[in-house]
Each structure stands twice: as C-alpha cells, then as structure tokens.
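Reader: I would like a close look at one single part of this structure. Please start there, and then show me how the rest fits around it.

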Amino acid sequence: MLGDRDVTTLVSVKDLGEATPFYEKTLGLTKVGEDPGFVQFRSGTSFVIVYASETAGTNQATTAAWHVDDVAETVRELKAKGVSSFQQYDHLPGLTRDGDIHEAGETKIAWFKDPTGNIFEINNGVPG
C-alpha cells in the first residue's frame, strides 16, 4: 500500500523566518515552494516541509536522518556553517562517543538541533 510511495518529512518550527535560512543556507536544502505558513525543500529525492506551529520544538526524539558518506566531514561542514547544537548522548546502549560522533562498530552517528530545537541525525547508513 504505502511501501512503494515516497514520504515527505514535516517539521514544525517556532519562527519560519529564522528557520528558512537554516534549512536552505546552513543545511543546503533546495527551496522548491513556499506559502505564508510553510516552506518546502528538496533533499535528494525527498522533501522536507517546514511550517510554523505553536507546539514546535516539543518533540524530544529524532525528527529525521540523513545518510552521508563521511559523518566526521559532514559534522565539520555543519560546524563551519554555524551549527553548534550537536548533542552528546553518553548512555546509549552499544554506542561509544568520540567528540560529537557516536559509534557502534562501523556505524557513525551525530545529532544536532535546528533553531527551534528539533533533533536531526546524520549517519553513514545502517548496516543491512
């Protein structure tokens, strides 16, 4: 039914004016549409819709994840663009931490927050 359909991630933010340059300039997503209450971005073949909401920033779990070739390089690039909200989780079973990067064998993961406090993940892929 839905297994062969594309999915779009929706992210609620407190301030759309503050969030838009973060997603477009800092994260490098491509803006493909906007309306007074939301902005739509393309990320690879997927879409992220960022919209204003009074309940934005209340989710304490990961909102979305990007698979990248090199987590350490991506962390460096994000820091160079001003991302300073990398999260350190020292009590996750099976993970060790080296700075902002968490490791489980060959799997590398880093988490960061957007200006509203939504948590995002970058990783080098989950082994199949």
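Author: Start with a word we need. A helix here is a DSSP run of H or I with at least four residues, and helices are numbered from the N terminus. T20 lies in one such run, helix α1. Keep in mind that this is a predicted model.

Let us stay with T20. Is it buried or exposed? Its relative accessibility is 14%. Buried means under 20%, so T20 counts as buried. What does T20 touch, beyond neighbours within four places in sequence? Its contacts are K31, V39 and F41. One more distance helps to place it. G37 is 17 residues from T20 in sequence, and their C-alpha atoms are 12 Å apart in space.

Now widen the view to the whole helix. α1 spans residues 16–26. T20 has buried company there: L16, A19, F22, Y23 and T26 are the other buried residues of α1. The N-terminal end of the helix has a cap. D15 provides it, with a side-chain oxygen 2.9 Å from the backbone nitrogen of G17. Just past the helix comes G28, with a positive phi of about 80°.

Next, follow one of T20's contacts outward. K31 touches T20, and the side chain of K31 also joins E34 in a salt bridge. The N to O distance there is 3.2 Å. How covered are the two partners? K31 has a relative accessible area of 30%, so it is partly exposed. E34 reaches 53%, so it counts as exposed. The pair thus links a partly exposed residue with an exposed one.

That salt bridge has company. The whole structure holds 4 of them. Another one joins R76 and E73, whose closest N and O atoms are 3.1 Å apart. Both residues sit in helix α2, which covers residues 71–80. They are 3 residues apart, about one turn of the helix. R76 is partly exposed, at 48% relative accessibility. E73 is partly exposed too, at 30%. R97 and D90 make a further salt bridge, at 2.6 Å from N to O. R97 is partly exposed, at 36%.

Now look inward. What does α1 give to the interior? The largest nonpolar core has 25 residues. Y23 is among those with the most contacts inside it, along with L27, V50, W66, F112 and I122. Several elements give two or more residues to this core: β1, α1, β3, β4, β5, α2, β9 and β10. α1 gives the most, with 4 residues. T20 is buried, at 14%. Yet a core of this kind is built from Ala, Val, Leu, Ile, Met, Phe, Trp, Tyr and Cys, so a Thr is not counted in it.

α2 offers a second Thr to set beside T20. T74 lies in helix α2. Its relative accessibility is 17%, so it counts as buried. A polar atom of the T74 side chain lies 2.9 Å from the backbone oxygen of D70. Leaving out residues up to four places away in sequence, T74 touches V68 and I122. I122 leads us back to the core, where it is one of the residues with the most contacts. Its neighbours include residues from a stretch of α2. Among the residues I122 contacts are V71, T74, V75 and L78. W66 and F112 are on the list as well.

Finally, step back to the whole chain. It has 2 helices and 10 strands. From the N terminus on, the order is β-α-β-β-β-β-α-β-β-β-β-β. The radius of gyration is 15 Å, close to the 14 Å that the globule rule gives for 128 residues, so the chain is as compact as a globular protein of that length. Its C-alpha atoms fill a box of roughly 45 × 35 × 25 Å along the principal axes.

How much of the chain is buried? Buried residues make up 37% of the 128. T20 is one of the buried residues. The accessible surface comes to about 7800 Å², and 49% of that belongs to carbon and sulfur atoms. Sequence separation matters for contacts, too. Take contacts between residues at least 6 apart in sequence: 52% of them join residues at least 24 apart.

Technical notes: Residues are numbered from 1 along each chain as its sequence is written. This is a predicted model: local features need pLDDT of at least 70, side-chain atom pairs count only at pLDDT 80 or more; totals for chains, interfaces and linings use all residues. Side-chain values use heavy atoms; hydrogens and water are left out. Buried means under 20% relative accessible area, exposed over 50%, partly exposed in between (1.4 Å probe, protein chains only). A nonpolar core is a set of buried Ala, Val, Leu, Ile, Met, Phe, Trp, Tyr and Cys residues joined through side-chain atoms within 4.5 Å. Contact means heavy atoms within 4.5 Å. A polar contact is a pair of N or O atoms within 3.5 Å; within protein, one must be able to donate a hydrogen and the other to accept it, and residues adjacent in sequence count only if both atoms are side-chain atoms. The radius of gyration is taken over C-alpha atoms; the globule rule is 2.2 Å times the number of residues to the power 0.38. Accessible areas come from the Shrake-Rupley method with a 1.4 Å probe; for residues, only the protein chains shown count as cover.
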